[in-house]
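Biologist: I'd like a close look at a single part of this structure, taken slowly enough for a first-year student to follow. Here it is on screen.

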2 protein chains.
Amino acid sequence: MKMRKYEIKLRPIGFVRKNSQKDEISKIVLFDEFKEGLEGLKDFSHAFIIFWMHKISEGQRKILKVHPRGKPELPLTGVFATRSPSRPNPIGLTLVRILKVEGKILTVEGLDAFDMTPVLDIKPFGRRSFNEEVRVPEWWKRLKNMA
Amino acid sequence: MKMRKYEIKLRPIGFVRKNSQKDEISKIVLFDEFKEGLEGLKDFSHAFIIFWMHKISEGQRKILKVHPRGKPELPLTGVFATRSPSRPNPIGLTLVRILKVEGKILTVEGLDAFDMTPVLDIKPFGRRSFNEEVRVPEWWKRLKNMA
């Protein structure tokens, strides 16, 4: 299949800045040219941050099965059925709370990304009524109880 | 800032196949080498699909403000505060219902992507108790009533 050669090139819109890894608060500093794109975001309480997990190596991108969170007691599972950072395209996705939008700087709570992580996109979150029943595997529930 | 030159290269893990654009059901056909990564996904009812909106032109990627859904009566808003496909990195994000996982083919409901859209990542969804209050702008509510 020729499609296999298909290559996509991205540039970050900005970077995560964080004082310490344990800090729940992060700043997302956009490049000046994207500042305008933030207009109106302060009217939302939450947003999805899509970022590039830049610390993931080429080797980690080849991993297709993991024990969730590295716990051997949880079943070996395909990476697309886990939130593991080891995956072919290490794209991170986190729902954060928006604390402040000031010029080109967005301050958020709950972003599980390292300092200097490239940010790819920001999308507003508006809860839609989600009345569908959600089913998860047994290990997912066990993981919640471990945390 | 040197970071501006930072370039990220991605290859799709597979493609969306769809009979007609109006079809609520899509198939995601992975390349053979990623098949293993789907193992265990059938135990989830829902997943996020992260895809590349390949029909967005270079010109559209320069747009930083839009009227949501092209409706002139809604305020001109920064693209990062909208779900507009016109954005610097046209990455699509949709929560879908998983109907079937069979070999390298994932059948889902609710994916708003065109036939032959490159898929970048798949992440399982498990509803966490979301008790936080969600705030959205006035235009977002108006849009819901228009739909």
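Leaving aside its neighbours within four places in sequence, which residues is Leu41(B) in contact with? Please use that spot to walk me through what surrounds it.

Modeller: Sure, and keep in mind that this is a predicted model. Once the neighbours within four places in sequence are set aside, Leu41(B) is in contact with Gly78(A), Phe80(A) and Ala81(A) from chain A, and with Ala47(B), Ile98(B), Val101(B), Leu106(B) and Pro124(B) from chain B. "In contact" here is about C-beta atoms that lie within 7 Å.

Now zoom out a bit. The largest nonpolar core has 60 residues, and Leu41(B) is among those with the most contacts inside it, along with Ile49(B), Leu41(A) and Ile49(A). As background, nonpolar side chains tend to be buried together in soluble globular proteins.

Since Leu41(B) touches residues of chain A, let's look at how the two chains meet. There are 56 residues of chain A in contact with 56 residues of chain B. On chain A's side, the elements giving two or more residues are strands E1 (8-10), E4 (46-52), E6 (77-78), E7 (91-102) and E9 (118-125). E9(A) supplies the largest share, 6 residues. Sort that side of chain A by character and you get 30 nonpolar, 17 charged and 9 polar residues.

How do the two copies relate? A turn of 180° with a shift of 0.0 Å along the axis lays chain A on chain B, with an RMSD of 0.0 Å. That is why we can speak of a two-fold axis. In chain A, the C-alpha nearest this axis belongs to Lys9(A), 2.4 Å from it. Both copies use the same surface, too: 100% of the contact residues of chain A recur in chain B.

Stay with Lys9(A) for a moment, and you'll find Lys9(B) of E1(B) standing opposite. The strands E1(A) and E1(B) (residues 8-10) run antiparallel and are joined by 3 bridges.

Last, here's the barrel of chain B, the chain that Leu41(B) belongs to. Its 6 strands close up in the order E2-E3-E8-E7-E4-E9, with antiparallel pairing. From one strand to the next, the twist averages 45°. Take one pairing as an example: E2 (residues 14-17) and E3 (residues 25-30) of chain B are antiparallel partners over 4 bridges. Within E3(B), Leu30(B) is the residue that Gly14(B) stands opposite.

Conventions: Residues numbered from 1 in each chain as written. Chains lettered and ligands numbered in written order. Predicted model: local features only at pLDDT ≥ 70, side-chain atom pairs only at ≥ 80, totals over all residues. Least-squares fit on C-alpha atoms with pLDDT ≥ 70 in both. Core = buried A, V, L, I, M, F, W, Y, C linked by C-beta atoms within 7 Å. Buried ≥ 20, exposed ≤ 12 C-beta atoms within 10 Å, placed from the backbone. Nonpolar A, V, L, I, M, F, W, Y, C, P; charged D, E, K, R; others polar. Pairing = 2+ DSSP bridges. Axes fitted to C-alpha atoms, helices over the stretch in contact; angles between N-to-C directions.
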